[in-house]
Amino acid sequence: MNRVLYGAPATAVIAALCVGAFLVAALDAHSLVDVIWSSRAGTSTVLWGPFVVDERFGWFRALTSGFMHLDITHLTVNVLMLVVVGAAVERAVGTGPFVLAYLAGVLGGSAAVLLFGFEEPTAGASGALYALMALLVAIAARSHTDLRAPLVLVGGNLVFTLITPNVSLWGHLGGLIAGTLMAGPLTSRDARVRWGGGATAVAVAAAATTVPFWT
């Protein structure tokens, strides 16, 4: 594990935050399979449109939901994917831009859910993971390496999203779109471009999550 996460401190911290948030909710719920609605931590972080617009600080759910998971299987799959894909992306683009990209992926997925699946409760890091997968494809293209593996990874996950019930299609697509839009600047050789691209993506995605407030 140390070798996988070498040079990827932000990936390690984000994975730890996801695990920590789940453990808090699981202990409160006394369950590993029903942590969202059976715990205060889960219920207070899940993304659900009515909560977002009705609560005073409901907007923060667009961010906090990206660190909470539905059950132990959901957590395990996403954290393993984060460790493998996230570490590779972080080493390629740098820790600061990676953090911005991750946040933009979370917010991009949340924005899509709020816009097109307002009544669908959603939680998990999947939106950010789709953004990171899109960046992995861009990194391979920029470095002129074989694109088949990252493309198969994205395609396989999209098929899984389409055929599996109770999976957040909009959350996944929102993250994928965010990652695709960030692909150019985040893979630039110029660190300032990477930082600027990440910051712009976060700002745009955050603005998109506010649309339900004024519509």
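**Why these labels apply**

Me: Hello! What makes R61 count as buried?
Reply: The relative accessible area of R61 is 4%. The word buried is kept for values under 20%, so R61 is called buried. Please keep in mind that this is a predicted model.

Me: How do you know that R61 and E55 form a salt bridge?
Reply: Their side chains meet at 2.8 Å, N to O. The limit for a salt bridge is 4 Å between a side-chain nitrogen of Lys or Arg and a carboxyl oxygen of Asp or Glu, and 2.8 Å falls within it, so the pair qualifies. The structure holds 4 salt bridges.

Me: Is E55 buried, partly exposed or exposed, and what makes it so?
Reply: E55 has 33% relative accessibility. Partly exposed covers what lies between the 20% limit for buried and the 50% limit for exposed, so 33% makes E55 partly exposed. Its partner R61, at 4%, is buried.

Me: What makes the meeting of D28 and R40 a salt bridge?
Reply: The N to O distance between their side chains is 3.6 Å. That is within the 4 Å limit, so the name applies. D28 belongs to helix α1 and R40 to helix α2 (residues 40-45), so the pair ties together parts that are 12 residues apart in sequence.

Me: Which exposure labels do D28 and R40 get, and why?
Reply: D28, with 28% relative accessibility, is partly exposed, because this value lies between the 20% and 50% limits. R40 has 67%, and since exposed means over 50%, R40 is exposed.

Me: How do you know that R192 and D190 are in a salt bridge?
Reply: Their closest N and O atoms are 3.4 Å apart, which is within 4 Å, so the pair meets the criterion. R192 is exposed at 68%, while D190, with a relative accessible area of 28%, is partly exposed.

Me: Let's turn to T209. Why is T209 called buried?
Reply: Its relative accessible area is 0%. That is under 20%, so T209 is buried. T209 sits in helix α10 (residues 191-209).

Me: What makes the link between T209 and W59 a polar contact?
Reply: The side chains of T209 and W59 are joined at 2.5 Å. The limit for a pair of N or O atoms is 3.5 Å, so 2.5 Å satisfies it. Leaving aside residues up to four places away in sequence, T209 touches W59, A62, L107, S110, A111 and L114.

Me: Which residues have the most contacts inside the largest nonpolar core?
Reply: They are V89, Y102, L132 and M182, in a core of 56 residues. Elements giving two or more residues to this core are α1 (9-29), α5 (72-93), α6 (95-116), α7 (126-142), α9 (169-186) and α10. The largest share, 11 residues, comes from α7. As for Y102, its contacts beyond four places in sequence include I14, C18, F67, L82 and L132.

Me: How do you know that the span of α9 is close to the expected one?
Reply: From its first C-alpha to its last, α9 reaches 25 Å, and its 18 residues lead one to expect 26 Å at 1.5 Å a residue. There is also a kink of about 25° in α9, centred on T180.

Me: Which residues of α9 are buried, and what covers them?
Reply: The buried residues are G171, H172, G174, G175, L176, A178, G179, M182, A183 and L186. Their cover includes α5, α6, α7, α8 (148-163) and α10.

Me: What makes G127 buried?
Reply: G127 has 9% relative accessibility, which is under 20%, so buried is the right word. G127 lies in helix α7 and touches G105, G171, G175 and L176, not counting residues up to four places away in sequence.

Me: And what about the phi values of H144 and N166?
Reply: H144 has a positive phi near 60° without being a glycine, and N166 likewise has a positive phi of about 60° although it is not a glycine. H144 is in the loop between α7 and α8, and N166 is in the loop between α8 and α9.

Me: Why are H144 and N166 called exposed?
Reply: H144 has 75% relative accessibility and N166 has 81%. Exposed means over 50%, so H144 earns the label, and so does N166.

Terms used. Residues are numbered from 1 along each chain as its sequence is written. This is a predicted model: local features need pLDDT of at least 70, side-chain atom pairs count only at pLDDT 80 or more; totals for chains, interfaces and linings use all residues. Side-chain values use heavy atoms; hydrogens and water are left out. Helices (H or I, at least four residues) and strands (E, at least two) are DSSP runs, numbered from the N terminus. Buried means under 20% relative accessible area, exposed over 50%, partly exposed in between (1.4 Å probe, protein chains only). A polar contact is a pair of N or O atoms within 3.5 Å; within protein, one must be able to donate a hydrogen and the other to accept it, and residues adjacent in sequence count only if both atoms are side-chain atoms. Contact means heavy atoms within 4.5 Å. A nonpolar core is a set of buried Ala, Val, Leu, Ile, Met, Phe, Trp, Tyr and Cys residues joined through side-chain atoms within 4.5 Å. The expected span of a helix is 1.5 Å times one less than its number of residues. The bend at a residue is the angle between axes fitted to the seven residues ending there and the seven starting there.
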